[in-house]
Amino acid sequence: MHADPIADMLTRIRNGVRVQKDQVNIKASRVCEGIAKVLREQGFIEDYDRISTANKQDLIRITLKYGTLGEQVIRQIKRCSKPSCRVYCSVSDLPKVMGGMGIAIVSTSKGVLSSQQCEMENIGGELICTVC
């Protein structure tokens, strides 16, 4: 059992991109599915699917995205808030990742949103990770 499914998800994506895998499988949860949705909307992954399995725990299959010459779209994905040290940000304190080239993923009362969506909705929350 993993104590931190979000860190496990980000590590699987990071490792999959480094070895140029087409897809990675992640244990499903609502937060992980929200993160995958934001990554797809922002163009960092191709797509994701929720797959039912014989046991209770479903899987999320993420199709990774690469450039036309095989270059990585996700260059860095970093966990910010951890179970041992939570990081909360108001809308004015959200970080600008690589001068606006990357995104921050935030867990809010309206679900998991990107930093751009948080600015449009004027809402803050727990800073999950940054992606660039």
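What joins β6 to β7? A hairpin does, through 2 residues. Welcome to a short tour of this predicted model, in which local features need pLDDT of at least 70, side-chain atom pairs count only at pLDDT 80 or more, and totals for chains, interfaces and linings use all residues. Residues are numbered from 1 along each chain as its sequence is written, and side-chain values use heavy atoms, leaving out hydrogens and water.

**Strand β6 and its partners**

- Strands here are DSSP E runs of at least two residues and helices are H or I runs of at least four, numbered from the N terminus.
- Strand β6 covers residues 103-108, and 5 of its 6 residues are buried, so the rest of the structure largely encloses β6; buried means under 20% relative accessible area (1.4 Å probe, protein chains only).
- With β8 (residues 125-131), β6 pairs in the antiparallel sense over 5 bridges, where pairing requires at least two DSSP bridges between the strands.
- In that pairing, I105 sits opposite C129 of β8.
- With β7 (residues 111-114), β6 also pairs in the antiparallel sense, over 4 bridges, and T108 faces G111 of β7.

**Nonpolar cores**

- The largest nonpolar core (buried Ala, Val, Leu, Ile, Met, Phe, Trp, Tyr and Cys residues joined through side-chain atoms within 4.5 Å) has 29 residues, and I13, I62, I105 and V131 have the most contacts inside it.
- Elements giving two or more residues to this core include α1 (5-18), α2 (30-41), β6 and β8.
- Apart from this core lies another, of 10 residues, among them C89, V97, A104 and C118.

**Around I62**

- Not counting residues up to four places away in sequence, I62 touches residues including M9, I13, V24, A36 and Y48; contact means heavy atoms within 4.5 Å.

Conventions
Buried < 20%, exposed > 50% of the residue type's maximum accessible area, 1.4 Å probe, protein only.
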